[in-house]
Amino acid sequence: MKLRLKNFLLFTTFLEILICTISFSYILSVGDVVSVSIFTSEGKVYKDSFAVDIDGYASVPYVGRRKVEGMSLKELEKAIKEYASTFLPSAVVVVSLEKPRPQYVFFQGLINNNVDISTIPVEERRLSYIIGRVPTSNLPYNLSDYFSNLKIIRGSSIIKVDLKKFYDTGDFKFNPILKENDIVYIPVPESVAVVGYADKPGVYSVPLNTSVLEVLSMAGVRLDNNVVKSIIIYRNDSVIKISYPQEKKKLLLKVHDGDIIEIQPYSQLNVYIIGEVSKRATLSERDHPTLRKLIANINLPFINDIKREIIFIRGDVRERYVVSDPMKLPDKELRDGDIIGIYVAKPVMVYVTSDEPIVKSGLVRFEYYETPSLRTLIFKLGLGNRDTGIFVSNASDTEYVTTKDVIERNKDIILSNYDYVYITSKPFGEVHLVGFSKNKIGLLEPRESVAEILKRCPPSVEYSQIASFVIMKKDKRQEIPAGNSDLLNKVMLEDGDGVYVKLKQEKYVYVIGDVNTTLVFSTGEEISREAVISKLGVKPARIESIDGSFENGGVVSIKLRKDIRVFLLGDSIKNGEINLKWDEPHKLITALSKAGGINYPIIDPNLKLEKLSFNVKVYRKNKVIMDKDISSSKVSQLDQDLEDGDVVYVYVNKIEVKVFGGQKQGTFLLPKGITFDKFLGIIGGFSENMTSVKVFRQDGSVKVFDVSLDHIPNFVLKDDDTLIFSSKAESFVYVMGDVGNPGAVYTGGFKLSLIKVLSVAGGLKSWENKRKLRILRSDGKEEVYNLNYEELKDVVVGNGDIVYVEPSSSNRVYVLGAVNRPSVVYIDVKSTLLDAIVKAGGFRKGADLSKVYVFKGGVNGSIEVYDMRWVPNGKTGRNPLLNPGDIIYVPDSPYMTISEIMSFVQSTITFINNSIELYKNVNYIVGGQKK
């Protein structure tokens, strides 16, 4: 019994291999069922089968779901072998066609039948062979009499065949090979074929002199439902086209034997409606459908106080209309595949930025019932009584008005979604003032009169006390009496001009700077520094400096001590903005103290903290003003003065060392400058089996040191060193570098495929071909490979070998500016601009999405600008792929110049590159965790 079973299995295996061999050239398509058999070296057999689904995909064993339509069986078998070899080395894979799809050839005319040719070899699918398989016993005709006028309809082409010549000559050019879905038409005496849009298509035997109209009637073609567009008659070598109903008289033409009449209907358009109404609308080409007709026919309740937003989408074209009456929509012709979105009109969102303190930058929302105009915005922001200049920008244009233009002169502007509004009190420069409530005032026009300035910024004293206004220009000085209104209206001020008030009183002093006022002294009152401070009511301790002319008519400038903001980064306990009050020492030690001090890492307890040091860099206006290494025991020496906006970067001078194979394994944080012999004591020395230590450096270099009780090498460890202790009996391969989970891979004493070892180590983070993979063999020899699957698939590794994958230094980009987490982010070949911005925390509130800058390849590369305003709206737009080294900058104002952006980007990149790797992603060797 066992022998019979064994013989049966051998026969089954042989039969499968035979079937596979015969059908290797077979091309797969929808409906095919494929069998897969895998024979392992241990004699096991794994069998499975799958069908090709309607999309041409199949769930292939060991490969997963993939497209197989169009592949040959041989190609599929090769693909499965490549994937299965990782798990089942030396396995034999056999792919065979379990059940082919049906492939029909249709016969019409004298014969109305079909033949499935799927199991017939290609060479046997010739017309003469297939026609012989059609049952003809009930035919009243001799079939061979009609072989000289056969027609094969293949798609849109018609092939005429004289099969009789094949029988006469044996020439196969008269006996073509048939293909799937071919229609073989064998003409019937006095017959006409009707195809296309007919209730009863087919072949009709008709009397002589029958008209086209009569044949259409037999075939159930309805001409009264506005569906038929044209009738096409195929006659021998000619084609007759009849447009209906324009040429309906031609329907009286007489048909000929063998005519093929095709009824063509008007094409149907499928328009997809989404939003408030969700459906597919099928429209006729005859009706000339338009956007206006479509919306009007939906019968939505359009009323005056509810507007609707109509979104028209065709490919990359997007158009938006907001209407309360569908008849106000454009009469835009619709096409097949158009998408129409219908929504109750959404609120309009406008970005606002300003140098006015009462205006908070960010998004301003207009509800659908509000008019989204500049006038409405002014009152929303509380600017109705303020004189400001306003710039309104969209993707294509910028317009300037003042609040007075809008409110008093009716120069209103209708705002659109995500327009940018910049409100400023000094659009055309400033005029310097002395004796006024302000020491500067912005110009709302290129030139403004003295009278206009006096209206917007009154003097700080009563007009009755003013003798005159002194106008200071670059090239002259002019004094205008306070009562001369004509001259005050005539004299024009420009950027940089000055105006000061001259009083009638005997004694007065003008105060400018951080306090703007006019101090009046009585006749017997002495003008002095102390008297001025007393009248100002300012605490003397808060005065940083007070200088000027302490005499009648003098100008005194005062500078007060102010709160400052500094920014701490790196190894301070609290990172970010630190506020130093005016009465606190503006010193580095004060800022560090308020940040909680220095965040010393957890370092081995055998090491004393006094050996640690840290580096401090202070950046001021893109320059390094301090760069100093300081011992942890001398923190109190940080007496550097700080100014508003300084950036402080603190970095503890530490190194990170990874250890494999030692008495202790893992990642160790150590003081900079520690030597190997001291570190050996920290990790418990070494065992008797250890013979050497291999040191892998960050630059890719490798050093090998013999280790014994009599000889302990003494060298300085460096950051990112990896130490591998080798023993006499190793059963590990060590995988290091740019893999998902670096560490030791157990070999069990066997040789392993390099691909398998890399897989166990978490796989490669990136298959960049430009990188290298290095193998240091246990005998000291080194091998270098390109990081390429084809080159690596046959490489094997064994006990004590060390595999090092070069890190990818090029797969990152910089995301700067108005994002929530400006940072260095890592990308792959499919990463887009939006992907990088999302990784950086997304757009910050108030970001200018209309102009996102991409510096291709770095600060010296070309600059591309993208409009990303489609992002908050959940729509699609230009979203380019990124390349390594690209720099992305998101501005927070639409009015930043490219030179300002370039300056910021260059200084920021310099800051990042000169600092100790601000954004570091370190994998722990043991556990594969992220720090």
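# Exercises on a predicted model

D32, R101 and E180 are linked in a network of salt bridges, a salt bridge being a side-chain nitrogen of Lys or Arg within 4 Å of a carboxyl oxygen of Asp or Glu. The model is predicted, so local features need pLDDT of at least 70 and side-chain atom pairs count only at pLDDT 80 or more, whereas totals for chains, interfaces and linings use all residues. Residues are numbered from 1 along each chain as its sequence is written, and side-chain values use heavy atoms, with hydrogens and water left out.

## Exercise 1: salt bridges

Task: find how many salt bridges the whole structure holds, and describe the one that D338 forms with R314.

Solution. A search of the whole structure gives 31 salt bridges. In the one between D338 and R314, the closest N and O atoms are 2.8 Å apart. Because D338 sits in the loop between β19 (317-323) and β20 (339-344) while R314 belongs to strand β18 (residues 308-314), the pair ties together parts that are 24 residues apart in sequence; helices (H or I, at least four residues) and strands (E, at least two) are DSSP runs, numbered from the N terminus. The next step is accessibility, where buried means under 20% relative accessible area, exposed over 50%, and partly exposed in between (1.4 Å probe, protein chains only). D338 has a relative accessible area of 1% and is therefore buried, whereas R314, with 22%, is partly exposed.

## Exercise 2: the salt bridges of K404 and D405

Task: state which residue forms a salt bridge with K404 and which forms one with D405.

Solution. The partner of K404 is E452, with the closest N and O atoms 3.0 Å apart. This pair links distant parts of the chain, since E452 is in helix α9 (residues 450-456) and K404 in helix α8 (residues 403-408), 48 residues apart. K404 has 22% relative accessibility, so it counts as partly exposed. The partner of D405 is R409, and here the closest N and O atoms are 2.4 Å apart. D405 counts as buried because its relative accessibility is 6%, while R409, at 47%, counts as partly exposed. For N410, the backbone angle phi is near 55 degrees, a positive value in a residue other than glycine. N410 lies in the loop between α8 and β25 (420-424), and its relative accessible area of 62% makes it exposed.

## Exercise 3: the two sides of helix α2

Task: decide whether the end-to-end span of helix α2 agrees with its 12 residues, and identify which residues of α2 are buried.

Solution. The expected span of a helix is 1.5 Å times one less than its number of residues. For the 12 residues of α2 (residues 73-84) this gives 16 Å, and the end C-alpha atoms are 16 Å apart, so the two agree. The buried residues of α2 are L73, L76, E77, A79, I80 and A84. They cover an arc of only 160 degrees around the axis, which puts them on the same side of α2, the arc being that of the directions from the helix axis to the C-beta atoms. An α-helix has 3.6 residues a turn, so residues three or four places apart point the same way. On the face of α2 turned away from its buried side are the exposed residues K74 and K78.

## Exercise 4: strand β29 and its partners

Task: work out which strands pair with β29, and which residues are the bridge partners of V470.

Solution. Two strands pair if DSSP finds at least two bridges between them. β29 pairs with strand β32 (residues 498-503) in the antiparallel sense over six bridges, and V470 has Y500 as its bridge partner in β32. Five bridges join β29 to strand β30 (residues 477-481), again in an antiparallel arrangement, and in β30 the residue opposite V470 is E479. The connection from β29 to β30 is a hairpin through four residues. Finally, five of the seven residues of β29 (residues 466-472) are buried, so this strand is largely enclosed by the rest of the structure.

## Exercise 5: a cis peptide bond

Task: locate P245 in the chain and describe the peptide bond from Y244 to P245.

Solution. P245 is placed in the loop between β14 (238-243) and β15 (260-265). The peptide bond from Y244 to P245 is cis, with omega near 5 degrees.
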